[in-house]
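Visitor: I've got a model open in my viewer and I'd like to talk it through. Could you walk me round?

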Amino acid sequence: MTATGNQRERDTASAQLLAQLVTEIENEREFALQLRRELHQHPRLSGDEADSRDRIARATELDFTPVAETGGYCRFGPADGPAVAIRGELDALPVSEQTGLSWAATNGAMHACGHDVHMAALATFVRAAKRVTLPYAVVPLLQPREEAYPSGASDICDSGVLDTLNVAHVIGAHVHPRVLAGQVATGAGAVNAASGEIRIEVEGRTGHGAYPHDAADVASALAAIALGLPEVLRRTVNPLSPALLSVGRMVADSGAANVLPGKGTLHAMLRTTQNEDAAVIGDAVAEFARHQAEAYGVTATTTVVQGEPVLFNDAALCDALEGLLGQAELEVAPAMRSLGADDFSFYSQQYPSTMSFVGVATPDTVEDGPSLHDATFLPDDDAVLRVAKTMACGYVAAVQQIQKR
Ligand SMILES: [Zn+2]
């Protein structure tokens, strides 16, 4: 057969596979909605997700091997050959739910980032996929500690299990309140930033507020450092590669108006769109803080903590996924790029991967409805099926990529 003939045959097979998965996902509607509500009502914080993992294991009737302590993985489908991993995050946030739902969580934690939807969607996809003849194995990855350090994704990558399982691609999907329901945003290349934290400890000499010439107080030095940070960025990295420093914590507290503080701290969040920029910025900030402190007669010590790398969507996989969304009655939204961070990026650095942002907004909420991590953030019931279908598109896109090798 000709090369084009082969390609046509593969396209037909892909379309059939996706159609079967979508039909089976639709058949799971009742189960999917009920499981999502159950998971929503019983959120577990980062590092305490074993219950949620075990619930998914029961729902999928699969044996999950523990990984990263409270996470789990398994492999089903063809025993040999490459596999496609699909990731679902397990953890909730320390947020007190304000949705007023009858199935709201009451334990002080909340699935305010939509991970209840992702878990239920992954379980739904798995139940659907088990009833379909799959060309390549599926590895459902139940990942703990997405919201806290140490990152669960980093631990799973370090464990080496993905290589042992012969994972070729990793697929992720996340609900998004700034994308309309029915649409899915992806985008080739960097879609989320590398994340880090910069901590500056400033030390001087305390004293009486009326005798500042006898002291070396730190308040003005801290303020000067904070105001100079944007300028440090501007002089350090190419503005065509966005980077950001946001000060989230600045403390210089003597406890009284007439006592000059002798110690202070500044914590800033660092985001970059080039992995290598983080270290360069850290060094530049340390030098700037040292000199700035010197000018005020105090000292500054800077520590840089590296978090996630850049989340990079593989162009070919991303294109293939976008080409399939229509067959699952989903529309392609404009690419979603932000300086947000997600530890899915650890997978994307090692395997050609793709993260999709699945819309949960209505026309009324798309501009300024509750954001992720808000105590009233609540994706609609059908979001579970849309995320599951996006995972199915991701799986079939990965199958197409494997077949091209
Ligand atoms: Zn999340």
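Guide: Sure, one term to start with: buried means under 20% relative accessible area, exposed over 50%, and partly exposed in between, using a 1.4 Å probe and protein chains only. Keep in mind that this is a predicted model, where local features need pLDDT of at least 70, side-chain atom pairs count only at pLDDT 80 or more, and totals for chains, interfaces and linings use all residues. Residues are numbered from 1 along each chain as its sequence is written, and side-chain values use heavy atoms, with hydrogens and water left out.

Visitor: Then what share of the 405 residues is buried?

Guide: The share is taken over the 405 residues of the protein. Buried ones come to 54%.

Visitor: How many helices and strands are there?

Guide: Helices (H or I, at least four residues) and strands (E, at least two) are DSSP runs, numbered from the N terminus. On that basis the protein has 11 helices and 16 strands.

Visitor: And what is the radius of gyration?

Guide: The radius is taken over C-alpha atoms, and the globule rule is 2.2 Å times the number of residues to the power 0.38. For 405 residues that rule gives 22 Å, and the protein comes close to it, so it is as compact as a globular protein of that length. The radius of gyration is 24 Å.

Visitor: Which residues of helix 9 are buried?

Guide: Helix 9 covers residues 315–325. An α-helix has 3.6 residues a turn, so residues three or four places apart point the same way. The buried ones in helix 9 are L317, C318, A320, L321, L324 and L325.

Visitor: How wide is the arc they fall within, seen down the axis of helix 9?

Guide: The arc is that of the directions from the helix axis to the C-beta atoms. On the face turned away from the buried side, helix 9 carries the exposed residues D319 and G323. The buried residues line one face of helix 9, because they fall within an arc of 160°.

Visitor: Any backbone oddities? Which two residues does a cis peptide bond join?

Guide: Most residues other than glycine have a negative phi, and most peptide bonds are trans. Here, omega is about -5°. P150 lies in the loop between strand 4 (137–143) and helix 5 (152–159), and the cis bond joins Y149 and P150.

Visitor: Is E329 buried or exposed?

Guide: E329 sits in the loop between helix 9 and strand 15 (331–333). Its phi is positive, about 55°, although E329 is not a glycine. With a relative accessibility of 72%, E329 counts as exposed.

Visitor: What is the phi of H373?

Guide: H373 belongs to the loop between strand 16 (353–361) and helix 11 (383–404). It is partly exposed, at 37% relative accessible area. H373 is not a glycine, yet its phi is positive, at about 80°.

Visitor: Which residues is A333 in contact with, leaving aside neighbours within four places in sequence?

Guide: A333 is found in strand 15 and is buried, with a relative accessible area of 6%. Its C-alpha atom and that of V184 are 5.4 Å apart, though the two residues are 149 apart along the chain. Contact means heavy atoms within 4.5 Å; on that count the partners of A333 are V179, Q183, V184 and A185.
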